Amino acid sequence: MNELLDTMFTYAKLNTDDFELTLREMDVCPLVRELVAFHYDEFEKRDMNLKIDIPEKSIVCNIDEKEIKRTVSNLLINACKHNENGAQILVRVSKQEDVVRIMVADNGREITGEERRTIFEPFSKGDVARTGGNGTGLGLAIANLIVKKHGGKLYVDDRVEGWTKGFVVELLKG
């Protein structure tokens with residue numbers, strides 16, 4: 001119950017005009033590596049195969065470290081929680097011109113139709129048969145708000161070669 005209240009409070013706080021990010025320039029590559037390492041045991045327990053595609057070269061972006069960590073953690077947790085044991089997971093950081101991309105892709109089931117339209121809305125839980133109804137349905141809504149507060153976008157890409165879908169965070173490099 002406390003987790004639900006904390007999550008609802010976070011969502012409400014992020015949804016106010018008064019909420020301000022604490023921005024600073026930082027390299028997102030070690031940040032994402034650190035989060036993958038932190039969640040690694042969860043993937044290993046589920047016999048999931050992680051493919052990491054994070055460059056050694058710095059990709060610097062003006063971000064709120066705490067909030068971007070919250071966003072990427074949510075994507076990693078969802079990839080683990082909402083896929084079958086043995087699933088393949090890709091974590092990629094890339095840069096194209098002035099856009100930094102952080103992607104968590106998998107080879108699980110597709111996201112289509114109504115679910116695609118509502119997946120970033122509060123209390124959206126997707127396919128209950130797949131998720132068991134666990135979770136608050138706020139994780140992706142919170143992640144989406146955080147990315148929007150950064151002037152970026154969060155979306156599902158179903159055209160990632162070799163993967164069913166990828167959750168992509170796009171942030172402006174500057």
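**Exercise 1. Find what joins Lys153 to Glu170, and say which parts of the chain the pair ties together.**

Start with the contact: Lys153 and Glu170 form a salt bridge, and their closest N and O atoms are 3.9 Å apart. The cut-off is within 4 Å, so this pair makes the list. Next, place the two residues. Lys153 sits in strand β6 (residues 153-157) and Glu170 in strand β7 (residues 165-172), so the bridge ties together parts that are 17 residues apart in sequence. Keep in mind that we're working with a predicted model here.

Now check the cover. Lys153 has a relative accessible area of 47%, so it is partly exposed. Glu170 comes in at 11% relative accessibility, which means it counts as buried, given that the limit for buried is under 20%.

**Exercise 2. Work out which residues make up the salt-bridge network around Arg24.**

Take one pair at a time. The side chain of Arg24 meets that of Glu65 in a salt bridge of 2.8 Å, N to O. Glu65 belongs to helix α3 (residues 65-81) and Arg24 to strand β1, so this pair ties together parts 41 residues apart in sequence.

Then look at Glu34 and Lys69: they form a salt bridge too, with 2.9 Å between the closest N and O atoms. Glu34 is in helix α2 and Lys69 in helix α3, so here the tied parts are 35 residues apart in sequence.

Put the pieces together and you get a network of salt bridges linking Arg24, Glu34, Glu65 and Lys69. How exposed are its members? Arg24 has a relative accessible area of 44% and is partly exposed. Glu34, at 43% relative accessibility, counts as partly exposed. Glu65 counts as partly exposed at 25%, and Lys69 is partly exposed at 21%. For the whole model, the salt-bridge count comes to 12.

**Exercise 3. Explain how the side chains of strand β3 are arranged, and find the strand's partner.**

Begin with the general rule: side chains in a regular strand alternate between the two faces of the sheet. Strand β3 (residues 60-63) shows this alternation. Cys61 and Ile63 point to one face and are buried, while Val60 and Asn62 point to the other face and are not buried.

For the partner, go to strand β1 (residues 24-27), which pairs with β3 in the antiparallel sense over four bridges. To pin down the register, note that Met26 has Cys61 in β3 as its bridge partner.

**Exercise 4. Decide whether helix α6 is largely enclosed or not.**

List the buried residues first: Leu140, Ala141, Ile142, Ala143, Asn144, Leu145, Ile146 and Val147. That makes eight of the 11 residues of α6 (residues 139-149), so the helix is largely enclosed by the rest of the structure. For context, buried residues make up 46% of the 174 residues in the protein chain. After α6 comes Gly151, with a positive phi near 80°.

**Exercise 5. Locate the patch of negative charge on the surface.**

The patch gathers Asp41, Glu42, Glu44 and Asp47. Pick Glu42 to place it: this residue lies in helix α2 (residues 28-45). With 31% relative accessibility, Glu42 counts as partly exposed. A patch residue needs over 30% relative accessible area, so Glu42 qualifies at 31%.

Note on methods:
Residues numbered from 1 in each chain as written. Predicted model: local features only at pLDDT ≥ 70, side-chain atom pairs only at ≥ 80, totals over all residues. Heavy atoms only, no water. Patch = residues over 30% accessible without salt bridge, like charges linked within 9 Å, V, L, I, M, F, W, Y side chains within 5 Å. Areas by Shrake-Rupley, 256 points an atom, 1.4 Å probe, with all protein chains shown as cover. Lys, Arg positive; Asp, Glu negative; His and termini not counted. Charge placed at Lys NZ, Arg CZ, Asp CG, Glu CD. Helix = DSSP H or I, 4+ residues; strand = E, 2+ residues; numbered from the N terminus. Buried < 20%, exposed > 50% of the residue type's maximum accessible area, 1.4 Å probe, protein only. Pairing = 2+ DSSP bridges.
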